[in-house]
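Here are some worked exercises to try with the model open beside you. Have a go at each task before you read its solution.

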Amino acid sequence: MSASVFDPITIGALTLPGRVWVSPMCQYSCRPSEPGYVTDWHLVHLMSFAVGGAPLIFTEATAVKGKGRISPWDAGLWQNLQISAWHRIIEHVHELGSKMGVQLSHAGRKGSVFAPFHEESGSVPRETGGWTTVGPSAAPFGSYAPPRRLSVEKIAEIVQAFVAAAHRAVLAGFDVVEIHAAHGYLLAQFLSPLVNDRDDEYGGSDAGRARMLFEVTEAVRKILPARIPLLVRVSATDWSEQAPGGVEGDLARTIEVAKGLQERGADLVDVSTGGNLPSPKILVGPGYQVRFAEAIRREISIPVSTVGMITTPGQAQEILAAGRADVVMLARAALADPHWWHRAAHQLGHELAWPPQYSRILDRHVYAAGSDLGA
């Protein structure tokens, strides 16, 4: 069934007035002296998309445990005191008519690293604010510090950490919750036969490797109000021929995971790729990940989103009209143009209201006369 950029879509019990959303993008802008607390930078960053007309805006990967962050500069929801800072941002976004989603995450073995724009790289030493990471095994990610293999008891604790963070997300006022099981972070590590070499109930087979993600999904869905949709982001492939069946084998396994997520209450599967290997050979090009979302969409009945080098309104429209995905996520394109939705509306012949403070932008006579908008 075809759709367009500005067609409404219902995810669970929530109806949104458009199908192009803002993807989670890490900002690495919390202060290490106030771990996990979002700042005015996050307010301005996320508000820019609301001003620009985005129907749904996701936070960056938001840690469910302090030692589950990617870096010491990451946002979190692992304690109640972090709720109010998020609530402030959500209220401002809601005033402009947009909805807010939170992406709950645990970095696993890819945690405790310097931010990408930091003068240093790699793992942060314990003496300067780092920590020992965890994973399904003790194998490190590339040159990062080795993680500690999680016991079954510690796995259960992390499942409950996702539940507690989801509860805080409800209290903060988020409209949507997404579980991050992609990009080589902890839940994706458990899913991957390239990373997870366990022989207990959390490994040894595709079903075992999916167990932790399924437990998180069931437990989070159970505590969320019916009005809040639950999304799960997955990586459809790690782009390695070393995996059983190669890229297509990865996709086949992800399709089965998507079916399991639907059975356990997920309302949308958010499809990306990569993350478990340090230097994969990725066939990059415009919309290079769409085919994975399309394949998964054919096998499940809940909506599917896609992301990755989708930049123009026409490109997004073609993907939706062809029924290759139900939703398009924007990342870099939204950073480059936070008003992407207003430009799309102009190009596609759709009426999209500007905030009243910007209403003079609609006055074509002002443009034609070259007048000073500040006059």
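**Exercise 1. Find which residues line the largest cavity, and sort them by class.**

Step 1. Pick out the wall: Met 25, Gln 27, His 42, His 45, Leu 46, Phe 58, Thr 59, Glu 60 and Trp 86 line the largest cavity. A cavity here is a set of points, on a 1 Å grid over the protein atoms alone, where a 1.4 Å probe fits but cannot get out, and lining residues have an atom within 4 Å of a point.

A word on ground rules: this is a predicted model, where local features need pLDDT of at least 70, side-chain atom pairs count only at pLDDT 80 or more, and totals for chains, interfaces and linings use all residues. Residues are numbered from 1 along each chain as its sequence is written, and side-chain values use heavy atoms, with hydrogens and water left out.

Step 2. Look for the elements behind that wall: α1 (40-51) and β4 are the ones that give two or more residues to the lining. Helices (H or I, at least four residues) and strands (E, at least two) are DSSP runs, numbered from the N terminus.

Step 3. Sort by class: the lining has four nonpolar residues, four polar and one charged. Ala, Val, Leu, Ile, Met, Phe, Trp, Tyr, Cys and Pro count as nonpolar, Asp, Glu, Lys and Arg as charged, and the others, Gly among them, as polar.

Step 4. Get the volume, which is about 40 Å³. Volume means the space filled by probe spheres set on the grid points, with points joined across faces, edges and corners.

**Exercise 2. Work out where Glu 60 sits and what it touches.**

Step 1. Place Glu 60: it's in strand β4 (residues 56-63).

Step 2. Check burial. Glu 60 has 4% relative accessibility, so it counts as buried; the cut-offs are under 20% relative accessible area for buried, over 50% for exposed and partly exposed in between (1.4 Å probe, protein chains only).

Step 3. List the contacts (heavy atoms within 4.5 Å). Leaving aside neighbours within four places in sequence, Glu 60 meets Pro 24, Met 25, Cys 26, Gln 27, Tyr 28, His 42, Asp 74, Ala 75 and Gln 103.

Step 4. Zoom in on His 42: its side chain and that of Glu 60 are joined by a polar contact of 3.2 Å. A polar contact is a pair of N or O atoms within 3.5 Å; within protein, one must be able to donate a hydrogen and the other to accept it, and residues adjacent in sequence count only if both atoms are side-chain atoms.

**Exercise 3. Find what lines the second largest cavity, and which element gives the most.**

Step 1. Read off the wall: Ala 61, Thr 62, Ala 63, Gly 68, Arg 69, Ile 70, Asp 74, Ala 75, Ser 105 and His 106.

Step 2. Credit the top contributor: β4 gives the most, with three residues.

Step 3. Sort the lining: four nonpolar, four polar and two charged residues. The space inside is about 40 Å³.

**Exercise 4. Describe the surroundings of Ser 112.**

Step 1. Find Ser 112 in the loop between β5 (99-105) and β6 (134-135).

Step 2. Judge burial: Ser 112 is at 1% relative accessibility, so it's buried.

Step 3. Follow the side chain of Ser 112, which reaches the backbone nitrogen of Trp 131 at 3.0 Å.

Step 4. Add the residues it touches, not counting those up to four places away in sequence; among them are Arg 69, Ile 70, Gly 122 and Thr 133.

**Exercise 5. Say which face of helix α8 is buried, and against what.**

Step 1. Mark the buried residues of α8 (residues 313-321): Pro 313, Gln 315, Ala 316, Ile 319 and Leu 320.

Step 2. Look down the axis. The buried residues of α8 fall within an arc of 165°, so they line one face of the helix; the arc is that of the directions from the helix axis to the C-beta atoms.

Step 3. Name the partners: these residues pack against β3 (20-22), α7 (290-297), β11 (304-307), β12 (327-330) and α10 (340-348).

Step 4. Step just past α8, where Gly 323 takes a positive phi of about 70°.

How values were computed:
1 Å grid on protein atoms, 1.4 Å probe; cavity = no way out; pocket = protein on both sides within 12 Å on 5 of 7 lines; lining within 4 Å.
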